[in-house]
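Biologist: Hi, I'm new to this structure. Could you walk me through it?

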Amino acid sequence: MKNQRIFPGIILIGFGAYFLLQQAGITIFQQFFTWPTLIIIVGIAFLGQGYRANEHEAILPGVIMTGFGLHFHLAGHVSFWPTNTIGMLILIISIGFFLRFQKTNTGLFQAFLFLILAVLLLFYDKIAGYLGLLQNGMSLVWKFWPVLLIVVGIYFLLKKKK
């Protein structure tokens with residue numbers, strides 16, 4: 001039987017601490033009284049359920065929610081944090097798939113797929129600079145890359161299992 005006390009326990013402790021600190025009006029924590037903090041609390045609850053209760057499928061949503069919350073806290077406030085939100089969110093999803101793969105041995109293909117997409121999105125300007133001679137051809141490819149994603153997705157949906 002799975003341990004169902006960890007997730008609600010962390011949620012109640014986290015939300016209770018959040019609202020208690022908010023009511024106390026402590027100015028040190030004032031910048032954390034935003035919606036990303038609540039997402040981080042829920043993400044940590046999923047991670048606790050995933051790792052402590054051995055429900056490894058909860059790792060992926062835990063990493064995604066915690067990572068998204070951290071990203072929205074750090075974006076614009078920390079100088080080294082990337083400003084490409086879509087690329088960072090896809091990178092966080094990739095990290096979630098890799099961590100879940102460590103425990104379940106499933107999702108490695110998706111992890112690499114999201115990682116490649118994240119690298120392309122995060123470093124597109126540098127990649128385009130390195131491929132300066134091919135920039136016209138790359139701009140055409142970059143314009144239609146969503147179509148490639150759709151075609152590959154349809155292939156996976158229609159591919160028959162052996």
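**A first look at the helices**

Modeller: Sure, let's start with one residue: apart from neighbours within four places in sequence, Ile 11 is in contact with Ile 41, Val 42 and Ala 45. Contact here means heavy atoms within 4.5 Å.

Biologist: Hold on, is this a predicted model, and how are the residues numbered?

Modeller: This is a predicted model, where local features need pLDDT of at least 70, side-chain atom pairs count only at pLDDT 80 or more, and totals for chains, interfaces and linings use all residues. Residues are numbered from 1 along each chain as its sequence is written, and side-chain values use heavy atoms, with hydrogens and water left out.

Biologist: Back to Ile 11, then. Where is Ile 11 placed, and is Ile 11 buried or exposed?

Modeller: Ile 11 is in helix H1, residues 6-24. Ile 11 counts as buried, because its relative accessibility is 17%. The cut-offs are under 20% relative accessible area for buried, over 50% for exposed, and partly exposed in between, with a 1.4 Å probe and protein chains only.

Biologist: And how many residues apart along the chain are Ile 11 and Ile 41?

Modeller: They are 30 residues apart along the chain, and their C-alpha atoms are separated by 6.6 Å.

Biologist: Zooming out, how many helices and strands does the protein chain have?

Modeller: There are 7 helices and 0 strands. Both are DSSP runs numbered from the N terminus: helices are H or I with at least four residues, strands are E with at least two. From the N terminus on, the order is α-α-α-α-α-α-α.

Biologist: What share of the protein chain counts as buried?

Modeller: Of its 162 residues, 27% count as buried. The protein chain exposes about 11,300 Å², and carbon and sulfur atoms supply 71% of that. Those areas come from the Shrake-Rupley method with a 1.4 Å probe; for residues, only the protein chains shown count as cover.

Biologist: What about contacts between residues at least 6 apart in sequence?

Modeller: In the protein chain, 56% of those join residues at least 24 apart.

Biologist: Let's do helix pairs. At what angle do the axes of H3 and H4 cross?

Modeller: The axes of helix H3 (residues 59-74) and helix H4 (residues 85-104) cross at roughly 150° and come within 8 Å. Axes are lines fitted to C-alpha atoms, for helices over the stretch in contact, and angles run from 0 to 180 degrees between N-to-C directions. H3 and H4 are therefore roughly antiparallel to each other. That label applies over 145 degrees, while under 35 counts as roughly parallel, 65 to 115 as roughly perpendicular and the rest as oblique.

Biologist: What kinds of residues make the contact of H3 with H4?

Modeller: H3 brings residues including Val 63, Gly 67 and Phe 68, and H4 brings residues including Met 88, Ile 92 and Arg 100. The contact divides into 13 nonpolar, 4 polar and 2 charged residues. Ala, Val, Leu, Ile, Met, Phe, Trp, Tyr, Cys and Pro count as nonpolar, Asp, Glu, Lys and Arg as charged, and the others, Gly among them, as polar.

Biologist: And how far apart are the axes of H4 and H5?

Modeller: They are 8 Å apart, and H4 and H5 pack at an angle of about 155°. H4 and H5 are therefore roughly antiparallel to each other. Among the residues that meet are Ser 94 and Phe 97 in H4, and Ala 111 and Phe 114 in H5. This contact has 17 nonpolar, 3 polar and no charged residues.

Biologist: Ser 94 caught my eye. Is Ser 94 buried or exposed?

Modeller: Ser 94 counts as buried, at 1% relative accessibility. Leaving aside neighbours within four places in sequence, Ser 94 is in contact with Ala 111, Phe 114 and Leu 115.

Biologist: What about Ile 116: buried or exposed?

Modeller: Ile 116 is exposed, with a relative accessible area of 52%. Ile 116 lies in helix H5, residues 108-122.

Biologist: Last topic, loops. What is the phi of Asn 54?

Modeller: Asn 54 has a positive phi of about 55° although it is not a glycine. Asn 54 sits in the loop between helix H2 (35-52) and H3, and is partly exposed at 46% relative accessible area.

Biologist: And where is Asn 105?

Modeller: Asn 105 is in the loop between H4 and H5. Asn 105 has a positive phi of about 60°, and is not a glycine. With a relative accessible area of 60%, Asn 105 is exposed.
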